[in-house]
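Please open the model in your viewer and keep the sequence panel beside it, since each stop on this tour begins with a selection.

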Amino acid sequence: MKRAREANFDGLVGLTHHYAGLSFGNEASTKHQFRVSNPKLAAKQGLLKMKALADAGYPQGVIAPQKRPNIGVLRQIGFSGSDEQVVERAARQAPQLLSAASSASSMWVANAATVAPSADTLDGKVHLTVANLNNKFHRASEAPTTENVLRAMFRDTGRFAVHGALPQVALFGDEGAANHNRLGGEYGDPGVQLFVYGREDSKSGQAPARYPARQTLEASQAVARLNQVRPEQVIYAQQNPAVIDQGVFHNDVIAVSNREVLFCHQHAFVDQPGLYQQLGKHVPGFKAIEVPDNLVSVADAVSTYLFNSQLLSRADGGMTLVLPEESRQHPGVWRYLNQLLEADNPISELQVFDLRESMANGGGPACLRLRVVLTDEELKAVNPAVMMNDTLFMTLNGWVDRWYRDRLTQADLADPLLLREGREALDELTRILDLGSVYPFQQ
């Protein structure tokens, strides 16, 4: 076994962060449609979380946002002229399409890719397969730039393998690490990869009736193959379609894991006892911390993002649960969490962050980060310019102050100055993070 640690790479909120209600099935997204957003505050809230975890000793990196508005996709659907004319015509003729092409949703990098650590793979490399996100128009165009950014971060091909997204068809609907968990002992030991899917495309099995099941079993199987995960270390489990219909659009809204612990709601999975039995056979010391519905309902879990938390290992052997402020503000959920601290389980600390700008758009602490287990040698091979420290924190805050607006509405997306600001800002950011040419000239 090699010594390994879990690193978190958080998405930096983009300059066009706004509330458009684009994500059907994500109740926070639709609830806050057309409210005024604060991109500057959103970015700074995310940076504060990154810096706090880095200061606590956790390896913490930054993933750059994408170029928005996406002029290339607007041209692809028929808007023409100069870039400024494309934006103006889209704003006038189809403002919702301009909104989709301007979405800052790439900040939720739990959907960027699915990761397999070197301890789990046949070739001993860290593998990352980019998600295609084809269930939602505003996210389906992210994959090419995501692949470029990940390659610029994990550029040592002797240690890392970055795979492009699966085919852009419903059969292979893939939402990345938001529907994936890894369980095991020490991080450097081989672990169990738990892929969670919403539907099996080739069969008429259980499926939600109200909201879409975004992840297919076929996509999960394809990602496991691409990532070269040893077959004996893979488990597939279906998400409960009834909770998808209550707004649990990804598994990370109803469950989170770390090492031997699975923290989840009572109604998270189809055949939950059977899944526990499988995990008990393959994960030494497996422990399920199951939250009863009579203490925290699915609706309360969705509104507070209790499970969209980060579960982190502490040096003393315990675990820290990183939560959004909404969990503390809900009396019932906060009561449960304090009971959890008193009970016999590995969770020994709660850490709360104010991420309301992200939360109002439908993503909490876990949505904002991609987990990558790395050995000491692999961590050294990561592009050092993306790793959070005092200098990068100050630099990025200064960059945000220079470029970000503190108020943005859907109508503001038509402003040609916003297009120019975004391009100039990202040109500077690629130099700060040493990414090279990751953005297409015309995206």
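Select Q233, which at 9% relative accessibility counts as buried in this predicted model. Q233 belongs to the loop between α8 and β8, and if neighbours within four places in sequence are set aside, its contacts are A119, D120, P190, G191, V192 and Q193. Show the side chain of Q233 as sticks and look for a polar atom that lies 2.8 Å from the backbone oxygen of G191. To gauge the span of the chain from here, draw a distance from the C-alpha atom of Q233 to that of T391, where the separation is 40 Å for two residues 158 places apart along the chain.

Next, colour the strands β6, β7 and β8, which form an open sheet of 3 strands in the order β6-β7-β8, with mixed pairing. Which strands stand at the edges? They are β6 (180-183) and β8, each of which has a single partner strand, so that one side of each is left without a neighbour in the sheet. Viewed across this sheet, neighbouring strands are turned against each other by 25° on average, direction ignored. Within the sheet, β7 and β8 run parallel and are joined by 5 bridges, and Q193 can be found opposite V234 in β8.

Keep the sheet in view and add the helices that lie across it. Helix α8 lies across β7 and β8 and runs at about 155° to β7, while α10 lies across β6, β7 and β8 and runs at about 165° to β8.

Now select α8 itself, residues 217-226. How many of its 10 residues are buried? The count is 7, so the helix is largely enclosed by the rest of the structure. The buried residues of α8 are L217, E218, A219, S220, A222, V223 and A224, and the elements that cover them include β3 (113-116), β4 (126-130), β7 (192-197) and β8 (234-238). Following the chain onward from α8, you come to Q228, whose phi is positive, near 55°.

Turn next to the aromatic side chains, of which a search of the whole structure finds 6 pairs. For F154 and F160, the ring centres are 5.2 Å apart and the planes stand at 70°, so this pair is edge-to-face. F154 and F160 are both buried, since F154 has a relative accessibility of 3% and F160 a relative accessible area of 3%. A second pair to display is Y276 with F286, which is tilted, with 6.2 Å from centre to centre and 45° between the planes. Because Y276 lies in helix α10 (residues 272-282) and F286 in the loop between α10 and β11 (287-291), this pair ties together parts that are 10 residues apart in sequence. Y276 and F286 are both buried. Returning to F154 and F160, add F9 to the selection, as these three residues form one aromatic cluster.

Two further rings are worth displaying with a charged side chain over them. K51 lies over the face of F393, at 5.6 Å from the ring centre, and the charged end of R259 sits over the ring of Y187, 5.7 Å from its centre.

Move on to S327 in helix α12 (residues 325-329). Is S327 buried or exposed? S327 is buried, with a relative accessible area of 0%. A polar atom of the S327 side chain lies 3.2 Å from the backbone oxygen of T304, and, apart from neighbours within four places in sequence, S327 is in contact with T304, Y305, L306, V333, W334 and L337.

The last stops concern the backbone. Select R68 and P69, which are joined by a cis peptide bond with omega about 5°; P69 is placed in the loop between β2 (60-63) and α3 (71-76). Then go to D271, a residue other than glycine with a positive phi, near 50°, which is found in the loop between β10 (261-265) and α10. D271 is exposed, with a relative accessible area of 52%. Finish at D434, in the segment after α17 (416-432), where phi is again positive for a residue other than glycine, near 50°. At 41% relative accessibility, D434 counts as partly exposed.

Technical notes:
Residues are numbered from 1 along each chain as its sequence is written. This is a predicted model: local features need pLDDT of at least 70, side-chain atom pairs count only at pLDDT 80 or more; totals for chains, interfaces and linings use all residues. Side-chain values use heavy atoms; hydrogens and water are left out. Helices (H or I, at least four residues) and strands (E, at least two) are DSSP runs, numbered from the N terminus. Buried means under 20% relative accessible area, exposed over 50%, partly exposed in between (1.4 Å probe, protein chains only). A polar contact is a pair of N or O atoms within 3.5 Å; within protein, one must be able to donate a hydrogen and the other to accept it, and residues adjacent in sequence count only if both atoms are side-chain atoms. Contact means heavy atoms within 4.5 Å. Rings of Phe, Tyr and Trp (its six-membered ring) pair if their centres lie within 6.5 Å; planes under 30 degrees apart count as stacked, over 60 as edge-to-face and the rest as tilted. A charge sits over a ring if NZ of Lys or CZ of Arg is within 6 Å of the ring centre and within 35 degrees of the ring normal. Two strands pair if DSSP finds at least two bridges between them. Axes are lines fitted to C-alpha atoms, for helices over the stretch in contact, and angles run from 0 to 180 degrees between N-to-C directions.
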